[in-house]
Amino acid sequence: MKRYADKTIMVTGGGGGIGRAIALRLAGEGGAIAVLDKNGQAADETVSQVAAAGGRAAAVIADITDWDSVQNAVAEAEQALGPLDVLVNNAGWAQRGSLEDTAPEDWDKEIAVNLRGHFLAAKAVLPGMVARGHGVIVNIGSVNGFVALGNPGYSAAKAGLYSLTQTLSGEYGPKGIRTNMISPGTIETDIETWRIRRQKNPEIFDTLARWYPVGRVGQPEDIAAATAYIAADEAAFVNGANLMVDGGLTASLNPMIEEFVLE
Ligand SMILES: NC(=O)c1ccc[n+]([C@@H]2O[C@H](COP(=O)([O-])OP(=O)(O)OC[C@H]3O[C@@H](n4cnc5c(N)ncnc54)[C@H](O)[C@@H]3O)[C@@H](O)[C@H]2O)c1
């Protein structure tokens, strides 16, 4: 059974590592995918990969921090593929590692990309979803929204995204729209923060694996699988939830336990 047959899904940041995996996964389950990204080349590449796998997708170039751009993107996506059933708010970006390194304008930019953009995308798709009486929004958060792991502006935005998820679930649940959040741990992608850290330590993902009770960091497909579940009709009673997809990172301090002297 194809869970997304006859569904249209917009994935923001669909040209990036996790967004592309989500696009490929949901297209593989029958969905038509609007691949929104500010990087047109990256969005086109995702569309090509979806098409090569036998799926249907269209690229939409937009900046999620700009209200006009987001509204145009939703109109363009719906014209190309039909009314949107699902919004996956996945685009994200982080730059400054510490509070000391974060200038006021850095803070504003990280909050804009990781929180304002999600609000704008939701705001743009909601009137149509309300009119149709159904819809699903999935916000991609981060473990950074729950524990301090550096990148303070980004982390504050991700923590705020949980509040936005709760607001949307309460205000729009009665109108047939479910909103949930997925919070990934370390996922092997080329997002700027990992690109920089990998330049300093090419083995960074292997180094970090010891913090993960499952013995590895995550892959984009791990987040795509969680998204495919939480956005599907079978998750009809899941609303306002946060699903940690972090291999148990935030549930356990395994490296600390290893340092205990246990009998
Ligand atoms: N990779 C990880 O370890 C990790 C961990 C936790 C959460 N996340 C979250 O997962 C999501 C995807 O991350 P990724 O690792 O795939 O990153 P990525 O850099 O590979 O992809 C992000 C995509 O978003 C696009 N984008 C950035 N700003 C945009 C804007 N203003 N408008 C439109 N598009 C924009 C980029 O062009 C890029 O294609 C992000 O929200 C990120 O915070 C990632």
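# Exercises on a predicted model

N151 sits in the loop between β5 (135-140) and α5. The model is predicted. Work through each exercise with the structure open.

## Exercise 1: Two residues with positive phi

Task: Find where N151 and D6 lie, then decide whether each is buried or exposed.

Solution.

Step 1. Start with the backbone of N151. Its phi is near 50°, a positive value in a residue other than glycine.

Step 2. Check the cover of N151. The cut-off for buried is under 20% relative accessible area. N151 counts as buried because its relative accessibility is 4%.

Step 3. Turn to D6. This residue is found in the segment before β1. D6 is not a glycine, yet its phi is positive, at about 70°.

Step 4. Check the cover of D6. Exposed means over 50%. D6 has a relative accessible area of 78%, so it is exposed.

## Exercise 2: The surroundings of T12

Task: Which backbone atom does the side chain of T12 reach?

Solution.

Step 1. Locate T12. It lies in strand β1, residues 8-12.

Step 2. Check its cover. The relative accessible area of T12 is 0%, so T12 is buried.

Step 3. List its contacts beyond four places in sequence. T12 touches L36, I64, L87, V88, N89, N90 and A91.

Step 4. Look at the side chain. It comes to 2.9 Å from the backbone nitrogen of A91.

## Exercise 3: The ligand and its shell

Task: Which residues come nearest to the ligand, and how much of its area does the protein cover?

Solution.

Step 1. Find the shell. It has 27 residues around the ligand, and D37, N90, Y154, T189 and W194 come nearest.

Step 2. Go to the polar atoms. A backbone N or O atom of N90 is 2.7 Å from an oxygen atom of the ligand. A polar backbone atom of I64 lies 3.0 Å from a ligand nitrogen. For K38, a polar backbone atom is 3.3 Å from a nitrogen atom of the ligand.

Step 3. Read off the cover. On its own the ligand has 830 Å² of accessible area, and the protein covers 92% of this.

Step 4. Ask which elements give two or more residues to the shell. These are α1 (17-28) and α5 (152-172).

Step 5. Sort the shell residues by type. There are 11 nonpolar, 12 polar and four charged.

## Exercise 4: Nonpolar cores

Task: Which element gives the most residues to the largest nonpolar core?

Solution.

Step 1. Recall the general trend. In soluble globular proteins, nonpolar side chains tend to be buried together.

Step 2. Find the largest core. It has 30 residues, and M10, L87, V125, L126 and I137 have the most contacts inside it.

Step 3. Note the elements that give two or more residues. They are β2 (32-37), β3 (56-61), α3 (67-81), α4 (104-132), α5 and β6 (177-184).

Step 4. Pick the top contributor. With seven residues, α4 gives the most to this core.

Step 5. Zoom in on L87. Beyond four places in sequence, L87 touches M10, T12, A121, A122, V125, M129, V136, I137 and V138.

Step 6. Look for another core. A second, separate one has 29 residues, including V47, V86, I140 and I230.

## Exercise 5: Neighbours in helix α1

Task: Decide whether R20 and A21 are buried or exposed, and find what each touches.

Solution.

Step 1. Place R20. It is found in helix α1.

Step 2. Apply the cut-off of under 20% for buried. R20 is at 19% relative accessible area, so it is buried.

Step 3. List its contacts beyond four places in sequence. R20 is in contact with G14, G15, A42, E45, T46 and Q49.

Step 4. Place A21. It also lies in helix α1. A21 is buried because its relative accessible area is 9%.

Step 5. List the contacts of A21 beyond four places in sequence. It touches P220, E221 and A224.

## Exercise 6: T227 and E100

Task: Is T227 buried or exposed, and is E100 buried or exposed?

Solution.

Step 1. Locate T227. It lies in helix α8, residues 220-230. T227 counts as buried because its relative accessibility is 0%.

Step 2. List its contacts beyond four places in sequence. T227 is in contact with Y4, I22, V88, V138, I140 and I182.

Step 3. Locate E100. Its place is in the loop between β4 (86-89) and α4. E100 has a relative accessible area of 77%, so it is exposed.

Step 4. Gauge a distance. E100 and P152 are 52 residues apart along the chain, and their C-alpha atoms are separated by 9.7 Å.

Conventions. Residues are numbered from 1 along each chain as its sequence is written. This is a predicted model: local features need pLDDT of at least 70, side-chain atom pairs count only at pLDDT 80 or more; totals for chains, interfaces and linings use all residues. Side-chain values use heavy atoms; hydrogens and water are left out. Helices (H or I, at least four residues) and strands (E, at least two) are DSSP runs, numbered from the N terminus. Buried means under 20% relative accessible area, exposed over 50%, partly exposed in between (1.4 Å probe, protein chains only). A polar contact is a pair of N or O atoms within 3.5 Å; within protein, one must be able to donate a hydrogen and the other to accept it, and residues adjacent in sequence count only if both atoms are side-chain atoms. Contact means heavy atoms within 4.5 Å. A residue is near a molecule or strand if one of its heavy atoms lies within 4 Å of it. Accessible areas come from the Shrake-Rupley method with a 1.4 Å probe; for residues, only the protein chains shown count as cover. Ala, Val, Leu, Ile, Met, Phe, Trp, Tyr, Cys and Pro count as nonpolar, Asp, Glu, Lys and Arg as charged, and the others, Gly among them, as polar. A nonpolar core is a set of buried Ala, Val, Leu, Ile, Met, Phe, Trp, Tyr and Cys residues joined through side-chain atoms within 4.5 Å.
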